[in-house]
Each structure stands twice: as structure tokens, then as C-alpha cells.
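Q: Hi! Could you walk me through this one? I'd like to get my bearings before I go back to the bench.

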Amino acid sequence: ASFGYEDVAYDDKEDLVRGVFERVAPSYDVMNDLMSAGVHRLWKDYFVSRVGAFAGMTHLDVAGGTGDVAFRVLRALQRAERDAELDGQVLDAKTRGKVIVSDINPAMLREGMKRATTRGIAQNQLEWLEGNAEKLPVEDGSVDVYTIAFGLRNVTDTRAAIADAYRCLKPGGKYMILEFSRVENDVLRSVYDFYSFNIIPKLGEIVARDRGSYQYLVESIRKFPPQEELKSMMQGVGFRHVSYENLTGGMVAMHVGYKD
Ligand code: SAM
């Protein structure tokens, strides 16, 4: 059965997505592991290894959900700052960097805060910010690195979100997208499609008791612009040196661009 996502009017997408993530928030982390057999952790590890964290940086993780990417960035930032201090740099509360986790959905952020507490993550360099990626309450030109992982396809107006990322970044700042994309090999793609359309909604039904939301997730992946198209959109907004890298045969792609 279809979730009817295809028929949803443009204006209603935000409400639809809000409902989906409100419902999935408590089971979100378990489902991620289950659906991807844990591979999402490797994608995120790789993605964050490309952030290039440095002492004093301001990092903005958008559609940050329960903090998976932000916690990794924070760890990288703390490591970079420890190294800087060993090299003799003096850092205080003002000059230390910070990681801002932003999401439109307070239910996801709440799960994230809970996780940070139970994991004993020091939160003095972490900020939680509710906001829509299309127009974030973030000052122009204030961010060194902006990441959005598995979030952009949920935003109603993709181009507006890319343009807002450009606005938030400092000149020279880095924009990074991690998102499901187009599997390049035909045989692999048909296996993947079968898995997505048949197994994932069923897993959602059994584990999260919510088939509809997982049906939405699968359909949103199929509708999202593939590698080259997303690259062009980034260039269209003004990003320079735009490149992408396929992970797991294009199941996921990482796009990177810089503000001039
Ligand atoms: N980045 C996290 C990760 O990789 O685990 C969470 C990804 S989750 C699949 C997508 C997130 O996008 C949800 O937390 C949802 O609330 C958020 N989201 C959806 N629409 C949004 C929007 N317009 N602006 C900001 N966040 C949005």
C-alpha cells in the first residue's frame, strides 16, 4: 500500500515530514542500524572524517536529528583542540569551537539531548537549535563548516536550503551533504530497489509499528535529485569547487562545495 506521499501537495510536505519524524523519533536509532545493517555508521564516520575539524571552528549540523553527526564532529573538534593545546595554543571558553545541532523537529532534538546525557558527552561545546533548514536562525557568514546528513531530501524546498547554507557560511566555508543517491550499477540497483520497497516498510511495521513513515522514507529517497543534478544545484546557488563521491556504489553520495 502506498503512503500517498506522491499525491501530497507541495505546501503539505513540511507537515507530513514533521509527522513522520515525530513518530519515528523514539525508534529512529534502532531502525537506522537495522535498515542499513549498521552501515550508516560507516557512512557517517567517513563523512565526518572529511569535515577537517580545527580548533575554534563553528560547526553547524543541520537536520541533525538525534545527534549522530554532531557527536562525531564534536569528538573531532575536541581532538583538534587537544592537539592545538599540546602545540602551545591557549584556548578558553571564548576561543574554543562549538557544534550547533539544528533540526526542525523538537522530538528529534529531545532524543538527541537524552543520548548526549546518557553517553556522558560534555555538552559545553554543543548547542541545540530548532529551525527550518530553508531559513535558519543563524547569523549570515558565521559558520565554518555546514553539514546536512540524510536531511536535505526531507526539506520541502531543496534549493532554498542550499541557498541558506551559503548564507550561513563564512567566505571560504565548507558545505557538505550526505544523502541517499542513485545506485550506479543496474543489477545492484534492482536488488536495492527490491529491498527498499519491500523490506524496509515491513521492518518499519514490525519494529516501529509504523509502515507509513518508512514508506515515506523510501519514496523520498527515490525522488531526491541524483548526483549530477544536486551538484548543479549547488553550483547554481554559488558554491565553488563542487565535487561528490559515491559511497557503497552510489547508494549514498557525499557532496562538498565551498563559498567563495
Ligand atoms: N542527520 C541525522 C542522521 O544522519 O542521523 C538525522 C537524519 S533524519 C533521516 C532527517 C532529519 O531531518 C529529521 O530529524 C527531521 O526532523 C529533519 N528535517 C526534516 N525537514 C527539515 C527541515 N525543513 N529543516 C530542518 N530539518 C528538517
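What follows is a chat about the ligand shell, the sheet and the helix packing.

A: Happy to. One thing up front: this is a predicted model.

Q: Good to know. Let's start with the ligand: how many residues surround the ligand, and which are the closest?

A: The ligand is surrounded by 20 residues. Ala63, Gly65, Asn105, Ala133 and Asn154 are the closest.

Q: And which helices each supply at least two residues of that shell?

A: Those are helix H1 (13-24) and helix H4 (68-86).

Q: How does the shell around the ligand split by class?

A: There are 11 nonpolar residues, 6 polar ones and 3 charged ones.

Q: Okay, switching to the sheet. In what order do the strands come?

A: The order is E3-E2-E1-E4-E5-E7-E6, so to speak from one side to the other, with 7 strands in an open sheet and mixed pairing.

Q: Which strands are at the edges?

A: Strand E3 (126-130) and strand E6 (240-247), each of which pairs on one side only. From one strand to the next, the twist averages 15°.

Q: Do tell me about E4 and E5: parallel or antiparallel?

A: Parallel: strand E4 (residues 143-149) and strand E5 (residues 169-180) are joined by 6 bridges. To pick out a pair, tyrosine 146 has tyrosine 175 in E5 as its bridge partner.

Q: Now the helices. At what angle do H7 and H8 pack?

A: The angle between helix H7 (residues 186-207) and helix H8 (residues 211-223) is about 150°, and their axes are 7 Å apart. H7 and H8 are therefore roughly antiparallel to each other, as an angle over 145 degrees counts as such. The crossing of H7 past H8 is right-handed.

Q: Which residues make that contact?

A: From H7 you have Ser196, Phe197, Ile200, Pro201, Leu203, Gly204 and Glu205, and from H8 there are Arg211, Ser213, Tyr214, Gln215, Val218 and Ile221. By class, the H7 and H8 contact residues are 7 nonpolar, 4 polar and 2 charged.

Q: Does H7 come up again? Which residues of H7 does H2 meet?

A: In H7, Ile200, Leu203 and Val207 meet Val30, Met31, Leu34 and Met35 of H2. That contact has 7 nonpolar residues, with no polar and no charged ones. Ile200 and Leu203 of H7 are also in the contact with H8.

Q: How are H2 and H7 arranged, then? What are the angle and the distance between their axes?

A: Helix H2 (residues 28-36) packs on H7 at about 145°, with the axes 11 Å apart. H2 and H7 have a right-handed crossing.

Q: Last one: back to H4, from the ligand shell. How does H3 pack with H4?

A: Helix H3 (residues 39-49) and H4 have their axes 10 Å apart, at an angle of about 45°. That makes H3 and H4 oblique to each other, and H3 passes H4 in a right-handed crossing.

Q: Which residues meet there?

A: On the H3 side, Lys44, Asp45, Phe47 and Val48; on the H4 side, Asp68, Val69, Arg72, Val73 and Ala76. The H3 and H4 contact has 5 nonpolar and 4 charged residues, and no polar ones.

Technical notes. Residues are numbered from 1 along each chain as its sequence is written. This is a predicted model: local features need pLDDT of at least 70, side-chain atom pairs count only at pLDDT 80 or more; totals for chains, interfaces and linings use all residues. A residue is near a molecule or strand if its C-beta atom, placed from the backbone, lies within 6 Å of it. Helices (H or I, at least four residues) and strands (E, at least two) are DSSP runs, numbered from the N terminus. Ala, Val, Leu, Ile, Met, Phe, Trp, Tyr, Cys and Pro count as nonpolar, Asp, Glu, Lys and Arg as charged, and the others, Gly among them, as polar. Two strands pair if DSSP finds at least two bridges between them. Axes are lines fitted to C-alpha atoms, for helices over the stretch in contact, and angles run from 0 to 180 degrees between N-to-C directions. Angles under 35 degrees count as roughly parallel, over 145 as roughly antiparallel, 65 to 115 as roughly perpendicular and the rest as oblique. A crossing is left-handed if the near helix is turned anticlockwise from the far one by less than a right angle, and right-handed if clockwise. Two residues are in contact if their C-beta atoms, placed from the backbone, lie within 7 Å.
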